[in-house]
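Good morning, and thank you for the time on today's agenda. I would ask you to keep the sequence and the structure in view while I speak.

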Amino acid sequence: MKDILAEIVASKITEVADRKKVRPVEELEGASMFSREPLSLRSFLTLPDRTGIIAEFKRQSPSKGIINGTALVQDVTTAYARSGASGLSILTDQIYFGGSMDDLQQARAVNNIPILRKDFVIDEYQIVEAKAIGADVILLIAECLSKEEVKHLAAFAHNLGLEVLLEVHSGEQLEKITPHTHLVGINNRDLKTFKVDIHRSMELLKQIPAGHSKVAESGMDDTDTIITLKKAGFDGFLIGEHFMRDENPGSAFESFAEVLKTKLAAL
C-alpha cells in the first residue's frame with residue numbers, strides 16, 4: 001500500500017504555505033482566542049468525574065472514506081462533554097479528513113473542556129493557528145517529523161501555553177520524546193498502512209519515561225479494552241470512529257460512557 005502519510009505531509013507543506021499568504025502570523029496573534037488561558041488536558045484526564053476519553057469529531061478518513069457526513073460538530077461535542085469526555089479531538093485537515101478550523105472554533109464556542117487540534121503539524125504557523133482558534137493541545141506525529149523538529153515544535157507550543165501530544169508507533173520513535181511533549185500517544189493504527197493492532201499500546205507503554213501522560217489511540221471499540229489499558233497504566237484514550245460511525249455519535253458516546261463509569265466504579 002502506498003505511503004498515505006507521505007502524501008498527506010507533501011500536501012500539507014503546500015497548504016500551509018498558501019495559508020501564510022492569506023492570514024499572516026500577526027493577524028493570528030491578534031485574534032481574541034489567542035489571549036485565552038489554555039486548559040490542561042493532562043489535568044482533565046485525572047478528574048474523577050471524567051472518563052479519560054478524548055472523544056473525536058471526524059467526518060472521514062483516507063482508509064474508511066465517509067464515516068459520518070451529517071453530524072453537527074456543536075451537537076456532537078457538547079454531548080461528548082456532557083457525558084464525561086476528558087477532552088475533545090477535532091480534525092482540522094480538510095483534504096483528507098473533511099475537517100476545518102471552523103469545526104474547532106464551533107466546538108470551542110460551546111465547550112469548556114480541553115480541545116486537541118488534530119492535524120499534521122509541520123510548521124510553527126500551524127501552532128499559532130491552533131492557539132488563535134481556541135485549541136489547548138496540538139498533535140505532533142513522530143512518524144513524519146525528525147527528532148529535532150519535534151523538539152523545536154514542542155518547545156514552541158509549550159512557550160505559547162499549549163500542551164503537546166506526541167504520537168508514536170514504534171520503540172524507535174520514543175527517542176523523540178522531549179520534556180515539552182507533555183502527553184505521549186501510542187497509535188495502534190499504522191499510519192503507512194492504516195492497519196490496527198491493539199497490542200501495540202501494551203508493548204510500548206513500559207518504555208515511555210515517567211512524567212508524561214500516556215494515551216492509547218485507535219482501535220478501542222469496547223469498554224473492557226479501556227479497562228485493560230487503564231489497569232496497565234494508560235491515562236487517556238483517544239477514540240473517534242467508534243462513536244462517529246453511529247447515526248448519533250453523542251448518544252453512542254453517552255451509552256459507552258455510562259457502561260465504562262459503572263465498570264470503573266467497581267474496580
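I shall go through the barrel, then some of its strands and helices, then the pocket, and lastly two loop residues. Please bear in mind that this is a predicted model.

Let me begin with the barrel. Eight strands form it, and the barrel is closed, with parallel pairing in the order E1-E4-E5-E6-E7-E8-E9-E10. From one strand to the next, the twist averages 25 degrees.

Several of the pairings can be described in detail. Strand E4, residues 87-91, runs parallel to E5 and is joined to E5 by 4 bridges. Within that pairing, Leu-88 has Ile-115 in E5 as its bridge partner. The side chains of E5 divide in two directions: Ile-115 and Arg-117 point one way, Leu-116 and Lys-118 point the other way, and all are buried.

Further round, E6 and E7 run parallel and are joined by 5 bridges. Here Leu-140 stands opposite Leu-166 in E7. How many residues of E7 are buried? The count is 6 of its 6 residues, and E7 is thus described as mostly covered. Glu-163, Leu-165 and Glu-167 point one way from E7, whereas Val-164, Leu-166 and Val-168 point the other way.

For the pairing of E9 with E10, there are 3 bridges, and E9, residues 213-217, again runs parallel to its partner. Val-215 is matched with Gly-236 in E10 as its bridge partner.

I turn now to two helices. Helix H7, residues 147-159, lies across E6 and strand E7, and runs at about 180 degrees to E6. Helix H6 covers residues 124-132, and 8 of its 9 residues are buried. Among the buried residues are Tyr-125, Ile-127 and Val-128, together with the charged residues Glu-129 and Lys-131. Against what do the buried residues of H6 pack? Their partners are the helices H1, H2, H5 and H7, and the strands E5 and E6.

The next topic is the largest pocket. Its space amounts to about 420 Å³. The lining consists of 29 residues, and those nearest the centre are Glu-56, Lys-58, Lys-118, Arg-189 and Ser-218. Strand E6, strand E10 and helix H10 are the elements that each give two or more residues to this lining. By class, the lining has 11 nonpolar, 7 polar and 11 charged residues. Lys-118, one of the residues nearest the pocket centre, is also one of the buried residues of E5.

Finally, two loop residues. Ile-67 is found in the loop between strand E3 and helix H4. Is Ile-67 buried or exposed? Its relative accessible area is 14%, and buried means under 20%, so Ile-67 counts as buried. Leaving aside residues up to four places away in sequence, Ile-67 touches Lys-58, Arg-59, Gln-60, Ser-61, Glu-241, Met-244 and Arg-245. Ile-67 and Phe-243 are 176 residues apart along the chain, yet their C-alpha atoms are separated by 9.8 Å.

The other residue, Glu-175, has its place in the loop between E7 and strand E8. Glu-175 counts as exposed because its relative accessibility is 56%, and the cut-off for exposed is over 50%. From C-alpha to C-alpha, Glu-175 and Cys-144 are 14 Å apart in space, and they are 31 residues apart in sequence.

How values were computed:
Residues are numbered from 1 along each chain as its sequence is written. This is a predicted model: local features need pLDDT of at least 70, side-chain atom pairs count only at pLDDT 80 or more; totals for chains, interfaces and linings use all residues. Side-chain values use heavy atoms; hydrogens and water are left out. On a 1 Å grid over the protein atoms alone, a cavity is a set of points where a 1.4 Å probe fits but cannot get out, and a pocket is an open set with protein on both sides within 12 Å along at least five of seven lines; lining residues have an atom within 4 Å of a point. Grid points are joined across faces, edges and corners, and a volume is the space filled by probe spheres set on the points. Two strands pair if DSSP finds at least two bridges between them. Axes are lines fitted to C-alpha atoms, for helices over the stretch in contact, and angles run from 0 to 180 degrees between N-to-C directions. Contact means heavy atoms within 4.5 Å. Buried means under 20% relative accessible area, exposed over 50%, partly exposed in between (1.4 Å probe, protein chains only).
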